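Colleague: Before the terms are applied, I should like to see the model and ask what stands behind each one.

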Amino acid sequence: MSKMKLGIVGWRGMVGQVLMDRLMSEGDFSHFETSIFSTSQKGTHHPFTLINSNPILLDAYDLNSLKQMDIILTCQGGDYTSKVHRELRSSGFKGYWIDAASTLRMEDKSVIILDPINKHVIESALKNQQKDFIGGNCTVSLMMLALGGLFASDSIEWISSMTYQAASGAGARHMNELLKQMKFVTDDVMKEGDNLSDKILSVEKKVKTLLSDPSFPSENFGHPLAFNLLPWIDSELENGQSKEEWKASVEANKILQTKNPIAIDGTCVRISAMRCHSQALTIKLKKDIPLNEIESMISEHNPWVKLVANKKAETLQYLTPEFTSGNLQIPIGRVRKMNLGPSFINAFTVGDQLLWGAAEPLRRMLHILLEY
Ligand code: NAP
């Protein structure tokens, strides 16, 4: 039987690099005949040694080349999706479109893919001839995998989620800028020596001055993220939420196909971690459930969730971006009943937003298509 033709767009970005790495390490390219597309380097060689692959980069805007594919998997971003998807479909493309960008997520014809949570939704969409399969918002997907057991048992009334999101959530150029910002400050203040603790308040004043220096690098974030945090991610909505905050409820309920939507809201904050999104959760359960049952539901739901004991040593070792980076495990800890009442649960979770928050659901969708 001939292999499906897979076209990949956006391999150079953060999500794309992690995806290519996963596809190669899992031997996935052996199942496909692969073409790699580029918006900026068409006609040159791509840097990968892949079996069954055209070594030359194709033009990611050439509808005729795209139309030859059975599957297009893009991590190029929303602008690309907006430019190409509709026109490609109108030109007769009947293949599968798998996408990391948010552009198509809430379209009726799209399915948000997170198969450990909603494989049944994906399978029924395939039976209905749906062709657009879109990865969810990274923070939402990570929260849903961490709390999969509580969603599956329909135990949740509402969730308040306060996020701590890494620079890499905004892409490669933003990560680079965070490093430049850190260097800009430390190169200057550390000229005075290593031991500044006896004059640390005046050093802090100097740092503040450097953050507002006209040559401080902030072209991408628009503000200092180093030595700072930014409590607004994505655009403004009229109801006072940021778009990132809005996504939590609408996407989670679309993933679950809930009849009675679960309210999810909170504040999304960019912090200066390089990679991995964290979130502090207040969960209101529908009823009082003993803590050991809650812990079992959480830890037994899927192979990736890792319940961390609510102890200082374990928390500081395992419940951090440092531990989680590059790791498919999703640690969740600080799980305890809150003083607010017996049905209120506190939790903290961290996940690699480039893996389970972006690349992995897309990669797994390819396998679902192979099995279909
Ligand atoms: P990104 O790192 O900014 O990469 C997107 C594209 O930017 C690349 O494919 C590349 O296209 C171009 N680019 C320009 N300068 C670059 C540079 N210095 N290094 C690498 N690429 C560069 O974006 P991303 O974070 O991968 O996100 C891609 C999509 O996934 C977005 O829609 C995003 O919203 C979504 N998403 C991201 C995350 C995340 O954690 N980052 C999570 C979930 C979903 P050319 O090679 O054609 O120039």
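Modeller: Among the 24 residues around the ligand, the nearest are Arg-12, Val-15, Thr-39, Ser-40 and Gln-76. A residue is near a molecule if one of its heavy atoms lies within 4 Å of it. This is a predicted model, in which local features need pLDDT of at least 70, side-chain atom pairs count only at pLDDT 80 or more, and totals for chains, interfaces and linings use all residues. Residues are numbered from 1 along each chain as its sequence is written, and side-chain values use heavy atoms, with hydrogens and water left out.

Colleague: What makes the approach of Met-14 to the ligand a polar contact?

Modeller: A backbone N or O atom of Met-14 lies 2.9 Å from an oxygen atom of the ligand. A polar contact is a pair of N or O atoms within 3.5 Å, so the pair qualifies. For Ser-168, a backbone N or O atom lies 2.9 Å from a nitrogen atom of the ligand. In Arg-173, an N or O atom of the side chain is 3.2 Å from a ligand oxygen atom. The protein buries 81% of the 880 Å² that the ligand exposes when taken alone; these areas come from the Shrake-Rupley method with a 1.4 Å probe.

Colleague: Why are β11 and β12 called paired?

Modeller: Three bridges join β11 to β12 (residues 330-338), and the two run parallel. Two strands pair if DSSP finds at least two bridges between them, so this requirement is met. Strands here are DSSP runs (E, at least two residues), numbered from the N terminus. Leu-307 stands opposite Ile-332 in β12.

How values were computed. Helices (H or I, at least four residues) and strands (E, at least two) are DSSP runs, numbered from the N terminus. A polar contact is a pair of N or O atoms within 3.5 Å; within protein, one must be able to donate a hydrogen and the other to accept it, and residues adjacent in sequence count only if both atoms are side-chain atoms.
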